[in-house]
Amino acid sequence: MRKIFILFSFVVLSITAFNQIDPLLSPYYQNGPYSVVMDSDMTATPNDLLFFRPSNSTGGPFPTILFQPGANGTGTSYINKHSYDIYWQHLASYGFVVIIINNTSGGPNSTLFTQTHDYIKTKVANSSNWMHSYVDLSRFIVAGHSNGGMNATDIIINRPNEIQAIIYMASYPNPGIFGLGAQNVGSYNGKVMLMCGSEDNTSAPLVGSTNDVASNAFQNRFTAASCKTWVLFNGIGHGGFGNYNNPDQPVGSIGREPATASIRHYICSFLLSQFYANGVAYANFTQPLLKPTSVGEFQTTCSQLAEINATNINAVASIYPMPASSYAIVKFNQNFSGVCHIYNVLGQEISTFKLNDENEHWIDFSNLNKGQYILEYIDDKGLVSFVKLIKI
């Protein structure tokens, strides 16, 4: 099958500083195009589960995230399965299924994620269960806050070929004590993102220092991962990665809304670029001018998921002449209703037009500089259908 390579083919090795936007101006602070359904299964094994999913399966099966909350201290109940809705219910609105394990117990649990994964696979195999048409097991991601991230690490070690990515929220692989009992993630070659806050004194008291265990995991422990990202947020504490009121785990001096916006920015841009080949999301993920001002450090080795099926694109539209000079014609092979947006490589919108059942549109490039541009088509069901390279 012939494949087309879209806009970003380079690898960003390190980007620091030059942050430009107020976190509240991030495009991912707002909800995405899908309305979201919340559901639960109180009979799931080994723990009951909370689900967020798009309101219908059109566009599915969807990339799926399995998440565990952080742990409550002895005798406390600050954290529950809804303490992270501000991130995961929000992500579901961008076309993801999110499954949250209702387990806030402390300490390691090496079978929690694998047992839940087995449960999910059983449901997906059942054609009468909603997961059958919603959950994409080939785009399966795990994530965890604090203790949850360490437990999520077990499944990427035990089932590395079944887990395509892991997201650590104020967490990292267990470094052990003097190396003893450390989780060995050196052979995992999936995608990795570690996010921490500069004011986190709970899980990472050395965050931001030369001895920071989370940064060390990015630099030295995920040696086989070709796509790995490290984000350090200034002014965010351990509680910024959830929404609960533990006085020992504050949100941080940045405040609740900027913390929420900052973390949403990277969860969404990372996952949309890597699992939907979304060029605009990749620009928001990597370009210094589009970074929230809350970012203190940022490094990534991730390129955009650059290969997409050309057959699917050509079934929708063609663009010519290419390269263009003063204009290009977008010709849709069928009548489609939706909206097209043109972006430059910084993710800034240049123009937009509605299709309204037209099958052809002329794009005027006469006032634009030579370079590369992105055409993004959002269909009438509300999700990006394709992103294609335009050269002039």
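Visitor: Let's start with one residue. Is Phe 285 buried or exposed?

Guide: Phe 285 is buried, as its relative accessible area is 0%. Keep in mind that this is a predicted model. The call rests on a cut-off: under 20% relative accessible area is buried, and over 50% is exposed.

Visitor: And the chain as a whole? What percentage of the 392 residues is buried?

Guide: Buried residues come to 55% of the 392 in the protein chain. The same chain has eight helices and 18 strands. Look at contacts with a separation of 6 or more, and 72% of them join residues 24 or more positions apart.

Visitor: Back to the rings. How do I read an aromatic pair?

Guide: Two things describe a pair of aromatic rings: how far apart the centres are, and the angle of the planes. There are 16 aromatic pairs in this structure. Take Phe 285 with Phe 298: the ring centres are 5.5 Å apart and the planes stand at 90°, so this pair is edge-to-face.

Visitor: Which parts does that pair tie together?

Guide: Phe 285 belongs to helix H7 (residues 279–286) and Phe 298 to strand E10 (residues 295–300), so the pair ties together parts 13 residues apart in sequence. Phe 298 is buried too, with a relative accessible area of 1%.

Visitor: Now a stacked case, please. How far apart are the ring centres of Tyr 327 and Trp 362?

Guide: Their centres are 4.8 Å apart with the planes at 20°, so Tyr 327 and Trp 362 are stacked. Tyr 327 sits in strand E13 (residues 327–332) and Trp 362 in strand E16 (residues 360–364), so here the parts tied together are 35 residues apart in sequence. As for cover, Tyr 327 is partly exposed at 32% relative accessibility, while Trp 362 is exposed at 52%.

Visitor: Which residues do ring pairs link into a cluster?

Guide: Phe 233, Phe 241, Tyr 266, Phe 270, Phe 285 and Phe 298 are linked that way. Phe 298 has a charged partner as well: Lys 291 lies over its face, 3.4 Å from the ring centre. For an arginine version, go to Trp 130, where the charged end of Arg 53 sits over the ring at 4.2 Å from its centre.

Visitor: On to helices. How are two packed helices described?

Guide: You give the angle between the axes and the distance between them. Try helix H2 (residues 112–124) and helix H4 (residues 147–158): their axes come within 7 Å and cross at roughly 65°. On the H2 side the contact is made by Leu 112, Phe 113, Thr 114 and His 117. H4 brings Gly 148, Asn 151, Ala 152, Ile 155 and Asn 158. That contact divides into four nonpolar residues, five polar and no charged.

Visitor: How many residues of H4 are buried?

Guide: Nine of the twelve, so to speak of H4 as mostly covered is fair. Among the buried ones are Asn 147, Gly 149, Thr 153 and Asp 154. The cover includes strand E4 (62–68), H2, strand E6 (135–145) and strand E7 (165–169). For its length, H4 reaches 18 Å from first C-alpha to last, close to the expected 16 Å.

Visitor: Pick one residue from H4. What is Asn 151 in contact with, leaving aside its neighbours within four places in sequence?

Guide: With Gln 68, Gly 107, Pro 108, Asn 109, Leu 112 and Phe 113. Asn 151 counts as buried at 2% relative accessibility. Its C-alpha is 6.1 Å from that of Pro 108, though the two are 43 residues apart along the chain.

Visitor: And on the H2 side, is Thr 114 buried or exposed?

Guide: Thr 114 is buried, with a relative accessible area of 12%. Beyond its neighbours within four places in sequence, Thr 114 is in contact with Ile 155, Asn 158 and Arg 159.

Visitor: Let's finish with a loop residue. Where is the place of Ile 254?

Guide: In the loop between strand E9 (228–233) and helix H6 (256–275). Ile 254 is partly exposed, its relative accessible area being 22%. Neighbours within four places aside, Ile 254 is in contact with Asn 234, Gly 235, Ile 236, Ala 259, Ser 262 and Ser 294. The C-alpha atoms of Ile 254 and Asn 234 are separated by 7.6 Å, with their positions 20 residues apart along the chain.

Methods. Residues are numbered from 1 along each chain as its sequence is written. This is a predicted model: local features need pLDDT of at least 70, side-chain atom pairs count only at pLDDT 80 or more; totals for chains, interfaces and linings use all residues. Side-chain values use heavy atoms; hydrogens and water are left out. Rings of Phe, Tyr and Trp (its six-membered ring) pair if their centres lie within 6.5 Å; planes under 30 degrees apart count as stacked, over 60 as edge-to-face and the rest as tilted. Helices (H or I, at least four residues) and strands (E, at least two) are DSSP runs, numbered from the N terminus. Buried means under 20% relative accessible area, exposed over 50%, partly exposed in between (1.4 Å probe, protein chains only). A charge sits over a ring if NZ of Lys or CZ of Arg is within 6 Å of the ring centre and within 35 degrees of the ring normal. Axes are lines fitted to C-alpha atoms, for helices over the stretch in contact, and angles run from 0 to 180 degrees between N-to-C directions. Contact means heavy atoms within 4.5 Å. Ala, Val, Leu, Ile, Met, Phe, Trp, Tyr, Cys and Pro count as nonpolar, Asp, Glu, Lys and Arg as charged, and the others, Gly among them, as polar. The expected span of a helix is 1.5 Å times one less than its number of residues.
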